[in-house]
Amino acid sequence: MTGLRGLYNENFLEYASYVIKERAIPDAADGLKPVQRRILWALLEMDDGRLNKVANVIGHSMRYHPHGDQSIGAALVALVNRGYFIEGQGNFGNILTGDEASAPRYIECRLTQLARDTLFNPDITEFVPSYDGRNLEPVLLPAKIPVLLLLGADGIAVGMSTRILPHNFSEVIQAQIACLRDERFSLLPDFPQGGAIDVSAYDDGNGRVRNRARIKPRGGKKLVISEIPYGTTTESLMASIENAARKGRLKITSIDDYTTEKVEIEITPARGVSAEETLRQLYAHTECEVTHTSAALVIQDGAPVETTVGGLVRYCTDRLLHILKLELQLEIGNLEDTLHWMTLEQIFIENRLYKLIEECPTLEEVRDAVGQGLMPFLKNYSREVTADDIERLLALKIRRISRFDIEAHRREMGDVRSRMKLAGKRLGALRDYAVEVLEGILKKYGKLYPRRTAVESFSGIARREVAIANLRVGFDRETGFVGTSVKSAEAWNASEYDRILFFLDDGTYRVIPVQEKYLIDGKVLWCGPADKDRVFTCVYHDEENRIPYVKRFRIGGFILDREYRFAQENSRVLLFHDGEEFLLEYWFERRKRMKTRKGRTVSADIPEKGVKARGVRLCGNRTLASIKVLEVTREEKPETEPEPAPEAEPEETPKDDAQEKAEPPRPRLTLPEIEEQAEELSRRLKSIVEKYDTPDLFDDREPEEE
């Protein structure tokens with residue numbers, strides 16, 4: 001078992017490392033995954049300026065890539081559609097409509113001039129044997145620009161993933177120049193499909209980008225989509241719109257696709273729905289707005305590293321300096337070899353040293369004669385003459401010797417010395433030379449790649465705010481069922497983002513999502529839509545002392561389908577109401593020498609508390625026999641005061657307490673009289689409370705948001 005575990009751990013580690021480095025995660029140095037690097041190298045080997053069949057390119061790439069033609073073909077098509085390094089001819093698909101490319105035997109491709117100028121230099125490239133040992137492939141390409149930021153990358157490996165969004169060519173080069181000059185820079189994504197982006201949460205490549213389609217009104221009634229978000233197609237976008245319309249989230253009468261080389265999708269809102277309202281619903285419920293999450297994970301110096309967009313620019317700029325240094329050193333070395341040969345050639349021909357070999361009978365004597373003949377002219381020469389140099393001199397043809405132009409030769413040697421001097425000067429001021437190289441690339445290719453995506457700041461659209469109340473929620477009080485499939489007189493309109501709130505007589509409440517059918521277990525006091533602005537009123541008393549408490553509260557934050565309490569435990573709810581302006585009318589339990597039988601409280605006098613708060617005492621230490629609500633409106637007058645409930649009538653008292661006779665009903669009152677009387681009652685209640693007790697106030701903090 002131990003041996004098997006060790007074998008598993010070792011093999012899995014090798015597999016994970018292979019997937020990370022050889023398949024999924026790009027290298028920061030040249031910005032390429034292995035399959036992309038092998039395709040570009042194969043194209044360089046095949047490059048003769050003419051187009052090559054994609055099928056041939058795939059076959060040539062298979063000499064280096066061991067994973068089959070499908071992966072090579074898909075990667076090649078993606079590189080062609082990005083347009084930077086491979087030029088295609090034929091049908092390579094359409095990133096706007098999602099159409100697939102034609103078969104590889106029908107389409108052709110070749111390297112772009114940008115690729116030739118910025119990606120390759122075999123003289124400074126490190127090579128390793130290919131997977132079968134028959135060929136040599138590059139470890140990394142000497143890329144002078146941040147290829148990874150231009151192409152973008154997506155990859156999922158074992159235990160890690162990466163997503164880097166594409167950026168604008170000119171802005172990336174300008175960022176490199178700013179980095180070389182120690183200036184501040186900022187890079188933002190640029191998508192080939194266009195659209196608009198909000199980058200407030202981009203966080204230098206490790207955050208989020210909101211990407212919207214470009215939608216404009218047409219004729220005051222219709223809407224036209226002219227640009228789509230990155231990662232979508234016209235087909236997927238229309239499917240999301242149709243799906244939203246089927247679910248009732250969006251009301252439209254038609255959607256037509258006129259896309260050819262440019263996107264054109266025409267949407268007609270339903271009658272009675274404005275174009276502005278439809279636009280907000282499109283952004284809220286369809287792929288007209290998508291969010292891209294970016295996480296920059298790359299292979300850097302042979303190991304996976306989490307980085308940023310700015311970090312990638314700095315790393316690639318340092319690598320550019322290293323590449324330019326190697327190229328300049330190589331150029332100087334080549335020029336020195338050229339100047340050395342031209343010097344020997346000039347001495348050999350100008351001084352007619354070839355005549356020394358006319359009488360030499362053997363090859364060894366010929367070589368010695370030439371070497372001896374060169375020595376007087378190379379007394380202060382710093383470089384040694386090798387046997388290869390002598391062999392090359394002996395290989396000069398008579399035509400070259402006879403047509404040798406000394407003055408032209410000296411001018412050529414002067415040009416070589418000038419080039420060596422320039423290369424040395426650039427090597428001494430490497431940063432300035434790097435800026436010069438990048439400015440040349442920017443001047444040559446910058447106009448070919450304009451920014452397509454507009455950077456804007458747009459506020460978020462809450463789906464609940466624009467959601468259509470297309471559902472009918474019913475509550476059957478007899479069965480306790482609530483939901484969209486319940487048919488009942490108690491019903492209300494709701495959207496799929498709304499919530500259902502219900503209170504039970506045991507002092508608890510729950511908030512649940514809108515659903516087809518839900519059984520409420522218990523006696524329901526109130527059931528309806530959850531609304532943070534709705535104010536509820538509750539009167540309850542403790543079962544032991546029966547002192548009534550009253551409070552008004554709102555339901556703020558909550559966790560779905562979690563039980564909360566609005567009344568204290570071991571209490572009985574006497575009244576629950578959801579109105580705003582009302583009167584509480586209550587009768588006290590009968591006691592000896594009781595002067596006041598009932599009381600009234602105006603809703604405005606009840607303090608609003610948190611849902612967890614205990615509330616305030618309604619009538620001091622007295623207990624209630626009954627309580628009811630009298631609604632107060634401007635159009636209505638309150639009804640005559642009712643008699644207390646029969647079950648709450650107190651027991652008979654002796655005849656000497658005859659003042660407790662039943663009070664006759666009072667005449668109807670006008671609204672001003674009611675308000676005056678309510679104020680007087682309120683003052684009296686407050687004085688009683690202050691005399692006997694003080695309000696019990698509890699922490700009214702509300703539960704956390706969902």
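**Entry 1: around helix α4**

Which residue just after α4 takes a positive phi? I went to the end of the helix and found G83, with a phi of about 85°. A reminder to myself before going on: this is a predicted model.

Next I looked at the helix itself. Helix α4 covers residues 69-82, which makes 14 residues. From its first C-alpha to its last I get 20 Å, close to the 20 Å expected at 1.5 Å a residue.

Then I asked which residues of α4 are buried. My list reads I72, G73, A75, L76, V77, L79, V80 and R82. I also checked what covers them, and the cover includes the helices α2 (34-46), α3 (54-61) and α6 (147-151). Strands β2 (86-89) and β3 (108-111) are part of that cover too.

**Entry 2: nonpolar cores**

I turned to the cores with a general thought in mind: in soluble globular proteins, nonpolar side chains tend to be buried together. Here the largest nonpolar core has 77 residues. Which of its residues have the most contacts inside it? They are L40, F85, I145 and F169.

I picked I145 and listed what it touches, leaving out residues up to four places away in sequence. Two of the well-connected core residues, F85 and F169, turn up among its contacts. The rest of the list is T118, L150, I173, Q176, L438 and I441. Apart from this core lies another, of 21 residues, and among them are L223, L237, I252 and L279.

**Entry 3: salt bridges**

How many salt bridges are there? The count comes to 35, and I followed up a few of them.

First came E439 and R181, whose side chains meet at 3.0 Å, N to O. E439 sits in helix α15 (residues 430-445), while R181 is in the loop between α7 (169-180) and β8 (196-198), so this pair ties together parts that are 258 residues apart in sequence. Buried or exposed? Neither, as it turns out: E439 is partly exposed at 37% relative accessibility, and R181 is partly exposed at 44%.

The next one stays within a single helix. R410 and E407 both belong to α14 (residues 406-428) and are three residues apart, about one turn of the helix. Their closest N and O atoms are 3.8 Å apart. The spacing makes sense to me, because an α-helix has 3.6 residues a turn and residues three or four places apart point the same way. R410 is partly exposed at 39%, and E407 is partly exposed at 46%.

I also noted a network of salt bridges that links R218, K222, E264 and E266.

**Entry 4: a salt bridge in a sheet**

The last bridge I opened joins R600 and E585, again at 3.0 Å, N to O. R600 is in strand β30 (residues 598-602) and E585 in strand β29 (residues 582-588), 15 residues apart. Here R600 and E585 are both buried.

That took me to the sheet around them. It is an open sheet of three strands in the order β30-β29-β33, with antiparallel pairing. β30 and β33 (624-631) stand at the edges with a single partner strand each, so one side of each has no neighbour in the sheet. On average, neighbouring strands are turned by 20° against each other, direction ignored.

Finally I zoomed in on β29 and β30, which pair over five bridges. What is the bridge partner of L584 in β30? I found T601 there.

Methods:
Residues are numbered from 1 along each chain as its sequence is written. This is a predicted model: local features need pLDDT of at least 70, side-chain atom pairs count only at pLDDT 80 or more; totals for chains, interfaces and linings use all residues. Side-chain values use heavy atoms; hydrogens and water are left out. A salt bridge is a side-chain nitrogen of Lys or Arg within 4 Å of a carboxyl oxygen of Asp or Glu. Helices (H or I, at least four residues) and strands (E, at least two) are DSSP runs, numbered from the N terminus. Buried means under 20% relative accessible area, exposed over 50%, partly exposed in between (1.4 Å probe, protein chains only). The expected span of a helix is 1.5 Å times one less than its number of residues. Contact means heavy atoms within 4.5 Å. A nonpolar core is a set of buried Ala, Val, Leu, Ile, Met, Phe, Trp, Tyr and Cys residues joined through side-chain atoms within 4.5 Å. Two strands pair if DSSP finds at least two bridges between them. Axes are lines fitted to C-alpha atoms, for helices over the stretch in contact, and angles run from 0 to 180 degrees between N-to-C directions.
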